Amino acid sequence: MFERDRAAGGAGIVLGEVAGGRAVARMKVTEEMANAHGIGHGGYVFLLADVAFSYACNSYGPVALAQGAQVTFLAPAQLGDELVAEAVERTLAGRQGVYDVTVRTAAGAVVAEFRGQSVLVAGVPHSG
């Protein structure tokens, strides 16, 4: 699945561990990701969190899609920062899932907290 994820690849996101309901993704904040204030654009921080969320909720096999997500930005991502997003499943009930993702700098400072809600798509297996 990751090989076909052009958005993640285009942002230089690297997928780490993926296991039942969990995933870790990393991204370096580059000059191209700067906003008008000279810090990492929140859209890229959201993208990194969303990638970790996506692989956590798809870790069981059936296709899961986001049905909603919210992010709270707690500190700016600086250019050159290596960001690490860790997604953890909070609950899975029927076809619905809730996942929390913490985005930190490599030094451990929290940049953002993300909560995503997923839904399993019945009868749709992952392709290739």
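**Exercise 1. The partners of a salt bridge**

Determine how R22 is classed by its relative accessible area, then find its salt-bridge partner.

*Solution.*
Step 1. R22 has a relative accessible area of 35%. Buried requires under 20% and exposed requires over 50%. R22 therefore counts as partly exposed. The model is a predicted one.
Step 2. Look for the acidic partner. R22 forms a salt bridge with E86, and their closest N and O atoms are 3.1 Å apart.
Step 3. Place both ends. E86 sits in strand β4, residues 82-93, and R22 in strand β2, residues 22-28. The two are 64 residues apart, so the pair links distant parts of the chain.
Step 4. Class the acid too. E86 has 30% relative accessibility, which means that this residue is partly exposed.

**Exercise 2. A shared aspartate**

Count the salt bridges in the structure, then work out which residues are joined into one network.

*Solution.*
Step 1. The structure holds 3 salt bridges. The E86 to R22 pair is one of them.
Step 2. Start from D100. The side chain of D100 meets that of R90 in a salt bridge, 2.9 Å from N to O. D100 lies in strand β5, residues 96-105, and R90 in strand β4. They are 10 residues apart, and the pair links distant parts of the chain.
Step 3. Test D100 for burial. D100 has a relative accessible area of 16%. The cut-off for buried is under 20%, so D100 is buried.
Step 4. Turn to R115. D100 and R115 also meet in a salt bridge, at 2.6 Å from N to O. R115 belongs to strand β6, residues 110-125, and lies 15 residues from D100 in strand β5. At 38% relative accessibility, R115 is partly exposed.
Step 5. Join the pairs. R90, D100 and R115 form one network through salt bridges that share partners.

**Exercise 3. The chain as a whole**

Give the order of the elements, and decide whether the radius of gyration agrees with or departs from that of a compact globule.

*Solution.*
Step 1. Count the elements. The chain has 2 helices and 6 strands. Read from the N terminus, the order is α-β-β-α-β-β-β-β.
Step 2. Set the expected value. For 128 residues, a compact globule would have a radius of gyration near 14 Å. The chain has 14 Å, so the value agrees.
Step 3. Add the extents. The C-alpha trace spans about 45 × 25 × 25 Å along its principal axes.
Step 4. Check burial and contacts. Buried residues make up 34% of the 128 residues. Among contacts with a separation of 6 or more, 64% involve residues 24 or more positions apart.
Step 5. Describe the surface and charges. The accessible surface is about 6,600 Å², and carbon and sulfur atoms account for 54% of that area. The chain has 9 positive and 12 negative charges, whose mean positions are 5 Å apart.

**Exercise 4. Three residues in their settings**

Locate N58, H41 and G97, and state whether each is buried, partly exposed or exposed.

*Solution.*
Step 1. N58 lies in the loop between α2 (42-57) and β3 (62-73). Its relative accessible area is 10%, so N58 is buried. N58 and T72 are 14 residues apart in sequence, and their C-alpha atoms are 23 Å apart in space.
Step 2. H41 is in the loop between β2 and α2. With 39% relative accessibility, H41 is partly exposed. Neighbours within four places in sequence aside, H41 is in contact with M33 and N35. L79 is 38 residues from H41 along the chain, with 9.7 Å between their C-alpha atoms.
Step 3. G97 belongs to strand β5. A relative accessible area of 2% is under the 20% limit, so G97 is buried.
Step 4. List the contacts of G97. With neighbours within four places in sequence left aside, G97 is in contact with T91, L92, G116, Q117 and S118. G97 and A66 are 31 residues apart in sequence, and their C-alpha atoms are 9.2 Å apart.

Notes
Residues are numbered from 1 along each chain as its sequence is written. This is a predicted model: local features need pLDDT of at least 70, side-chain atom pairs count only at pLDDT 80 or more; totals for chains, interfaces and linings use all residues. Side-chain values use heavy atoms; hydrogens and water are left out. A salt bridge is a side-chain nitrogen of Lys or Arg within 4 Å of a carboxyl oxygen of Asp or Glu. Helices (H or I, at least four residues) and strands (E, at least two) are DSSP runs, numbered from the N terminus. Buried means under 20% relative accessible area, exposed over 50%, partly exposed in between (1.4 Å probe, protein chains only). The radius of gyration is taken over C-alpha atoms; the globule rule is 2.2 Å times the number of residues to the power 0.38. Contact means heavy atoms within 4.5 Å. Accessible areas come from the Shrake-Rupley method with a 1.4 Å probe; for residues, only the protein chains shown count as cover. Lys and Arg count as positive and Asp and Glu as negative; His and the chain ends are not counted. The place of a charge is taken as NZ of Lys, CZ of Arg, CG of Asp or CD of Glu.
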